[in-house]
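The following exercises concern a protein model with its sequence. Please study both before working through the solutions.

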2 protein chains.
Amino acid sequence: MGDQPTSTILSVGTELTEGTILNTHFRFIGAELRGLGFFTRRAVQIPDDPDIFRRELRAAVESSALVIVTGGLGPTSDDLTREVVAEICDAPLYFDEAIWDELVARYSARGRQIAPTNRKQALIPTGFQVLPNRVGTAPGFLGESGECMILALPGPPAELEQMFLLEAIPRIQPHFLGAQETSASVLTATALMIPESVLEQALQGNDAAAKSRVRWSTRVAHDRIVFTLRGGEENDRRRIFSDLVERFGRVRVREGDVVPSNSLYQVLKQRNERIAIAESCTGGLVSKLLTDIPGSSQVFWGSLVTYSNESKTNLLQVPADLLGSAGAVSAEVASAMSEGLLRHTPAEVAVAVTGIAGPEGGSPEKPVGTVWISARYRPVGQLCKRFQFHGGREAVRRRSAVAALLLAECVLLGLEADLEY
Amino acid sequence: MGDQPTSTILSVGTELTEGTILNTHFRFIGAELRGLGFFTRRAVQIPDDPDIFRRELRAAVESSALVIVTGGLGPTSDDLTREVVAEICDAPLYFDEAIWDELVARYSARGRQIAPTNRKQALIPTGFQVLPNRVGTAPGFLGESGECMILALPGPPAELEQMFLLEAIPRIQPHFLGAQETSASVLTATALMIPESVLEQALQGNDAAAKSRVRWSTRVAHDRIVFTLRGGEENDRRRIFSDLVERFGRVRVREGDVVPSNSLYQVLKQRNERIAIAESCTGGLVSKLLTDIPGSSQVFWGSLVTYSNESKTNLLQVPADLLGSAGAVSAEVASAMSEGLLRHTPAEVAVAVTGIAGPEGGSPEKPVGTVWISARYRPVGQLCKRFQFHGGREAVRRRSAVAALLLAECVLLGLEADLEY
């Protein structure tokens with residue numbers, strides 16, 4: 001951290017300090033700043049209070065090379081960011097006609113009239129660059145106070161994230177990191193079914209990473225880790241990435257920001273094929289993840305949540321004696337479930353999950369976390385795999401769901417199901 | 001905020017500032033502190049860096065009546081909270097034999113041996129009270145530095161939340177708020193299917209609230225709002241609560257921290273009855289929420305995610321001509337779906353959801369957000385209701401799922417389904 005530029009994040013909003021809503025800015029911005037090479041000294045949340053705001057912004061400007069202010073850009077009197085930034089940076093606000101015209105046009109395009117209070121959103125500190133908002137109304141802005149760069153972003157996460165990635169990073173990078181580092185010098189990748197500590201160790205122990213100036217950052221989002229490799233040479237970043245693919249397989253390490261359900265959806269859509277799902281321990285989660293995607297009805301025939309043994313027999317014709325002899329959590333039953341799906345539905349692909357999510361129901365041979373998944377593709381056959389997941393009920397269920405989506409993708413693409421966890 | 005005690009929250013951990021994990025402490029503690037009558041001036045996240053930690057803790061102690069430090073209580077050398085609190089409060093660490101003995105006993109009960117590095121977790125600043133950890137290993141502690149009370153809590157949210165509610169609040173309250181305000185002077189309640197702004201207006205416009213010293217705080221958690229009424233007289237709190245029940249109905253406003261899936265589960269379990277579910281637009285979410293509950297297999301027979309029309313006909317025998325004439329999103333089809341469930345399964349209760357989650361598929365008569373839900377109870381009959389939800393695909397799906405759980409509860413309990421949104 002010695003020669004790293006320092007950063008402070010300052011989130012403004014009484015709805016945050018009173019705990020009405022959850023602040024997701026610190027995670028998003030913190031991970032991005034790490035990847036950009038910054039050392040974030042502090043991330044501070046304060047109420048909509050001008051005195052506290054002034055004091056915190058002044059302290060942040062004095063101690064950091066980059067200060068990011070989030071929130072407080074709305075049209076109400078509570079929204080103080082413009083005024084406080086203008087005061088601390090000695091950059092009086094001016095009314096930006098171009099912003100106003102665009103706001104008016106956007107409202108009228110939706111058949112609405114803009115309220116006069118919105119004029120406030122066209123005020124910008126003199127000398128600051130305007131950052132357009134492609135999602136919502138309030139633009140952001142970027143400027144300097146002495147040695148410190150100040151960036152103001154809107155509070156709604158969708159607006160903030162888009163503006164940060166598309167508008168702010170290209171302007172921040174040349175300033176701090178030299179012009180040679182552009183967005184082309186970033187490799188974004190996703191790690192699936194790899195524990196964070198294992199990925200971190202793999203990166204730390206990587207030769208190409210040790211020998212190069214490549215930096216990495218990771219962001220844990222549910223059951224995947226999005227990581228970025230930044231800086232250094234293109235060759236080095238590629239090498240580190242391909243080392244990880246070699247170690248964990250190309251199902252679990254992929255380029256880009258990959259969501260497993262979406263990835264499966266794309267394969268099915270491309271082939272114009274449909275999937276049917278049978279879920280026991282995941283209780284509907286696999287179906288839920290797939291139908292989170294707009295347009296998933298094209299590829300999702302339907303599913304059966306056969307939670308009870310009776311429903312496995314009744315809906316999927318899993319033989320009752322098989323449930324008795326092999327047990328509900330077994331290769332035989334998982335296989336019979338996916339077979340039942342292909343027999344009773346017109347889907348081309350079927351995936352079945354049966355396992356012990358806990359906390360009860362484990363045994364020495366089949367401890368909590370034991371999960372069998374069968375994925376079957378009509379023209380090819382099946383992949384059937386046992387998993388042993390760790391963690392509580394929720395973790396086991398989520399990991400099982402991701403494994404089911406990946407196994408379905410493997411059977412469709414003819415890939416080896418290299419999915420050890 | 002004039003005479004309110006002030007508070008600062010300080011979260012320690014490089015995994016937070018680098019954005020590897022999401023900080024949920026500020027929301028939880030912020031909402032609780034608001035309910036306790038505190039004004040939270042700042043909530044700060046810092047890396048595991050002793051210099052930054054000392055500076056921030058000193059500043060917090062000087063400016064607040066209560067400082068809550070979260071994280072940094074683990075056994076590794078990165079975990080600095082004990083050392084820094086001891087230094088700033090001039091309260092040297094001592095080795096607490098009782099804590100150590102309990103740690104050793106807990107490990108050996110699980111057949112594991114405790115590592116010597118864990119001895120660190122038995123160090124406590126002299127003069128501080130120990131707060132037992134009922135979930136994990138690291139105890140918290142509470143003490144004073146001059147006028148300021150300092151509370152240290154472990155980082156894992158499950159440990160932190162339990163310790164804060166059960167151990168910290170009873171010790172903080174008498175100190176700041178006078179002995180008369182005890183946990184008995186809190187009414188915790190849950191608002192379901194009520195927008196936050198509507199609840200806030202109802203509280204602000206409430207006569208009993210205006211005339212009393214009752215304070216409220218709200219915490220938005222997915223599709224419910226947990227709110228607390230604190231202070232004032234028991235009668236006032238009861239009056240405010242019953243006003244809300246009168247206005248929104250007793251299905252949507254309930255005492256305690258109520259989760260809809262859990263509430264339905266309790267009713268089913270008590271009656272020893274089972275539910276079957278048919279989901280279209282929710283795509284498995286209703287089933288997922290119900291099976292999140294350990295032991296739900298007792299009450300959940302299974303479900304059919306009939307996303308395509310074909311699967312509605314094939315699995316639930318919804319007549320194809322009904323799908324053509326009334327449309328998949330209609331009272332007729334919702335009703336036929338729940339009827340199909342009761343015909344084909346042994347469940348006593350059936351709930352069916354069909355709707356348009358969007359973004360595509362809306363029409364002027366049935367815009368995106370139109371959802372029909374039918375809940376059927378064998379001995380009684382059905383409740384069938386149309387909902388018009390606002391928001392994006394995810395919001396419509398989540399709200400539909402909550403409505404389905406509540407409607408099932410209504411039909412079971414013979415309650416009026418007063419569920420306008």
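The exercises below treat chain A as a whole, its strands and helices, the contact between the chains, and a sheet of chain B.

This is a predicted model, in which local features need pLDDT of at least 70 and side-chain atom pairs count only at pLDDT 80 or more, while totals for chains, interfaces and linings use all residues. Residues are numbered from 1 along each chain as its sequence is written, and chains are lettered from A and ligands numbered from 1 in the order in which they are written.

**Exercise 1. Describe chain A as a whole.**

Step 1. Chain A has 15 helices and 17 strands; helices (H or I, at least four residues) and strands (E, at least two) are DSSP runs, numbered from the N terminus.

Step 2. Along the principal axes, the C-alpha atoms of chain A fill a box of roughly 80 × 55 × 40 Å.

Step 3. Of the 421 residues in chain A, 52% are buried. A residue counts as buried if 20 or more other C-beta atoms, placed from the backbone, lie within 10 Å of its own.

Step 4. Among contacts in chain A with a separation of 6 or more, 65% come from residues 24 or more positions apart. Two residues are in contact if their C-beta atoms, placed from the backbone, lie within 7 Å.

**Exercise 2. Determine how strand β1 of chain A is placed and paired.**

Step 1. Strand β1(A) covers residues 6–12, and six of its seven residues are buried.

Step 2. β1(A) runs parallel to β2(A), with seven bridges joining them; strands pair if DSSP finds at least two bridges between them. I9(A) has A43(A) as its bridge partner in β2(A).

Step 3. β1(A) also pairs in the parallel sense with strand β3(A), residues 66–70, over five bridges. Here S11(A) is partnered by T70(A).

**Exercise 3. Characterise the packing of α3 against α4, and of α10 against α15, in chain A.**

Step 1. Two packed helices are described by the angle between their axes and the distance between the axes. Axes are lines fitted to C-alpha atoms, for helices over the stretch in contact, and angles run from 0 to 180 degrees between N-to-C directions.

Step 2. Helix α3(A), residues 50–63, and helix α4(A), residues 81–88, have axes that come within 10 Å and cross at roughly 50°. That angle makes α3(A) oblique to α4(A); angles under 35 degrees count as roughly parallel, over 145 as roughly antiparallel, 65 to 115 as roughly perpendicular and the rest as oblique.

Step 3. The crossing of α3(A) and α4(A) is right-handed. A crossing is right-handed if the near helix is turned clockwise from the far one by less than a right angle, and left-handed if anticlockwise.

Step 4. Residues P50(A), F53(A), R54(A), L57(A), R58(A) and V61(A) of α3(A) meet V84(A), E87(A) and I88(A) of α4(A). This contact has six nonpolar, no polar and three charged residues. Ala, Val, Leu, Ile, Met, Phe, Trp, Tyr, Cys and Pro count as nonpolar, Asp, Glu, Lys and Arg as charged, and the others, Gly among them, as polar.

Step 5. For helix α10(A), residues 260–271, and helix α15(A), residues 393–413, the axes come within 9 Å and cross at roughly 25°. α10(A) is therefore roughly parallel to α15(A), and their crossing is left-handed.

Step 6. The α10(A) side of the contact includes L264(A) and V267(A), and the α15(A) side includes L405(A) and L412(A). By class, the contact of α10(A) with α15(A) has nine nonpolar, two polar and one charged.

**Exercise 4. Describe the contact between chains A and B.**

Step 1. In this contact, 51 residues of chain B touch 51 residues of chain A.

Step 2. Elements of chain B that each supply at least two residues include α2 (25–36), β2 (39–46) and β10 (215–221).

Step 3. The side of chain B that touches chain A has 21 nonpolar, 21 polar and nine charged residues.

Step 4. Strand β2(A), residues 39–46, pairs with β2(B) in the antiparallel sense over three bridges. Q45(A) has A43(B) as its bridge partner.

**Exercise 5. Trace the four-stranded sheet of chain B.**

Step 1. The sheet is open, has the order β10-β11-β9-β12, and its pairing is antiparallel. β10(B) and β12(B) are the edge strands, each pairing on one side only.

Step 2. Seven bridges join β10(B) to β11(B), residues 224–230, and A221(B) is partnered by R224(B). The two strands form a hairpin with two residues between them, and H222(B) in the turn has a positive phi of about 50°.

Step 3. Five of the seven residues of β10(B) are buried, so β10(B) is largely enclosed by the rest of the structure.

Key: A residue is buried if 20 or more other C-beta atoms lie within 10 Å of its own, exposed if 12 or fewer, and partly exposed in between; C-beta atoms are placed from the backbone.
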